[in-house]
Amino acid sequence: MAKGTIVKAAGAISLATSLSRILGYIKDMILAKYFGATGISDVFFVAFRIPNLLRELFAEGSMSSAVIPVLKEYQIKEGAEESKKIVKSLFTFIMIVVGGITMLGIIFSPLIVKVIAPGFIENYQKFELTVLLTKIMFPFLLFVSFAALTMGTLNTQNIFFVPALAPCFLNITIIVFVVGFSSFFFNPIVSVAVGVTCGGIFQWIVQLPSFYKNNFKLGFASFHPAMKKIVILVIPTTIAMAVNQINIFVSTIIASFLPEGSVTYLYYSMRLIQLPIGIFGVAIGMAVLPALSQHIAEGKRDLLTNDFIFSLKFLLFLTIPSTIGLMMLKEPIVNTLFQRGAFDLTATIKTSSALLFYSIGILGTVGSKIITATFYSLQDTKTPVICAISGMVINIIFSILLMQSMKHNGLALAYSLAATTQLLMLGSFLKKQVPEISFSSIIPSFMKSTIASLISIGIAKLICQLNPDIWSHGEKMLLKFFYLGAVIIIAIFLYLLLCYLMKHEELGYILKKRRREK
């Protein structure tokens, strides 16, 4: 039963995440069209930096990771009514603590801008506009925290699509405000800031019908004993989020010492690997957490082991072809998506090489998300932090060691080495806590997915090479999109056919489930 729930939930989250990513790209294109890479756009990105950073640290990942296991435990051991009291207590806590941080952020916006953008101080108008946008956007932190609480609560009820779809409304709202209302403001960039805050409100509100339908209510309540446990769990997950931000910051600093264009090559290649990581790794990690938390609360460690192994194999079934696809079709992909205008053939080649080395770490990154979710279900948030810090140190060390000989490719490889090491560490620690887990049982599924991917994507690469003129210049954009899209569809069909012929367990499960539903 749990396997079906995990697959269905992962599918819903993947679909919603894909829609959100597409809308995000459209939003970026609209912002680029209206504001370009100018001083005005700089003002917005600086103003949004602190509220967005606090959202990433406190609201989204850390909130769900701490709330879901505790809510599941109380639902099973104390009953549904007790879990509803916890939700009210959490709402009160967020209103007081995050509301207080929001108020302080608004009051001290001038000081914050001075610290994060000291270069703006000399330009009075630019500084004042940045302060204004910061004040407008700080409430976004409060509303997105409410949205995160609602999402975590709905996930415990096995409701995933609506919460995962909610971020789409943030992008939609920003797009509407920029396109429809930018001319109403004294400075058009203010429309983006208002869109961000209103988008945070809509991201929360769209979840409320499902929230109330499942008999949860918002309101103020006294401190619940479960709050102490949630706060204790939140702190390490927040530290882990902070480590990831430090990692990105340090990598950017190191890249700034490399030849011109290195930061851009790394940025675009990282954007590409984030697609399978977000659609598959994050989705399955979110989908599996409530199921595993329920098994732990019920004391059914055998079911936890079975569902963990199934989730990991299902993740590999989806991610291995994506990884090998990015590695083998790197030039056509980068060429089709980016090579036009100032982004020339040299930029394509160097971005493609970075994509190759980044892709090596995809399996480590997505695998870590599943294992980390398992630790969270065990209410152990400290071990993932230890592994995250170790990964950060490894990334920095190898970035410094490889930057001279491999340039920007060295930083991409350092990321992959760190991600792989972090996965091995997490797996080793999990094995100690749950000895019943047999990682060797994953090998047959891994080999079948790898063989099927190499053959299907190898054929796709040969098809791409049949007409090399398509990739030789930056024009023919629509033709390249059509050609690459057709090649990818062929590769997917061949991959599924080969998996079917090799009797791949995860594909067989999906087909069997679909036949039952019919």
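**Salt bridges, surface and core of a helical model**

At 48% relative accessibility, Lys-85 counts as partly exposed. That label covers everything between buried (under 20% relative accessible area) and exposed (over 50%), using a 1.4 Å probe and protein chains only. Some ground rules come first: this is a predicted model, in which local features need pLDDT of at least 70 and side-chain atom pairs count only at pLDDT 80 or more, while totals for chains, interfaces and linings use all residues. Residues are numbered from 1 along each chain as its sequence is written, and side-chain values use heavy atoms, with hydrogens and water left out.

Lys-85 has a partner, Glu-82, and their side chains meet in a salt bridge at 3.8 Å, N to O. Here a salt bridge is a side-chain nitrogen of Lys or Arg within 4 Å of a carboxyl oxygen of Asp or Glu. Side chains of opposite charge can pair when their charged atoms come close. Both Glu-82 and Lys-85 sit in helix H4, 3 residues apart, or about one turn of the helix; helices are DSSP runs of H or I with at least four residues, numbered from the N terminus. Glu-82 is partly exposed, at 22% relative accessible area. Elsewhere, salt bridges that share partners tie Glu-73, Lys-77 and Lys-229 into one network.

Within that network, Glu-73 and Lys-229 pair up through their side chains at 3.2 Å, N to O. This bridge links distant parts of the chain: Glu-73 belongs to helix H3 (residues 61–77) and Lys-229 to helix H11 (residues 225–255), 156 residues apart. Glu-73 is buried, with 13% relative accessibility, whereas Lys-229 is partly exposed at 30%. Helix H4 (residues 80–107) also holds Glu-81 and Lys-84, which are 3 residues apart, about one turn of the helix. Their side chains form a salt bridge too, at 3.3 Å, N to O. Glu-81 is exposed, with a relative accessible area of 53%, but Lys-84 is buried at 18%. By the rule used here, the count of salt bridges comes to 7.

The surface also has a nonpolar patch, with about 960 Å² of accessible area together; its members include Phe-93, Val-231, Ile-389 and Leu-417. Patches are made of residues with over 30% relative accessible area and no salt bridge, with like charges joined within 9 Å and nonpolar side chains (Val, Leu, Ile, Met, Phe, Trp, Tyr) joined within 5 Å. The areas come from the Shrake-Rupley method with a 1.4 Å probe, and for residues only the protein chains shown count as cover. H4, H11 and helix H17 (382–406) each chip in at least two residues, and H17 gives the largest share, 5 residues. Ile-389 is found in H17 and is partly exposed, at 35% relative accessible area.

Turning inward, the largest nonpolar core has 79 residues, and those touching the most other members are Leu-266, Ile-273, Phe-308, Leu-315, Ile-370, Leu-411 and Leu-430. Helix H12 (residues 262–297) gives the most to this core, with 13 residues. A nonpolar core is a set of buried Ala, Val, Leu, Ile, Met, Phe, Trp, Tyr and Cys residues joined through side-chain atoms within 4.5 Å. Leaving out residues up to four places away in sequence, Leu-266 touches Ala-255, Ala-354, Tyr-358, His-408, Leu-411 and Ala-412; contact means heavy atoms within 4.5 Å. Apart from the largest core lies another, of 30 residues, among them Val-67, Ile-86, Phe-138 and Ile-230.

Helix H16 (residues 362–377) has 16 residues and reaches 23 Å from its first C-alpha to its last, close to the expected 22 Å. That expected span is 1.5 Å times one less than the number of residues. H16 is mostly covered, with 14 of its 16 residues buried. Ser-377, a residue of H16, is buried at 2% relative accessibility. Beyond its neighbours within four places in sequence, Ser-377 is in contact with Pro-69, Leu-289, Leu-292, Ser-293, Ile-296 and Leu-304.

Just after H16, Gln-379 takes a positive phi of about 60 degrees, although Gln-379 is not a glycine. Gln-379 lies in the loop between H16 and H17 and is partly exposed, at 25% relative accessibility. Lys-407 also has a positive phi, near 55 degrees, in a residue other than glycine. Lys-407 falls in the loop between H17 and helix H18 (408–433), and at 36% relative accessibility Lys-407 counts as partly exposed.
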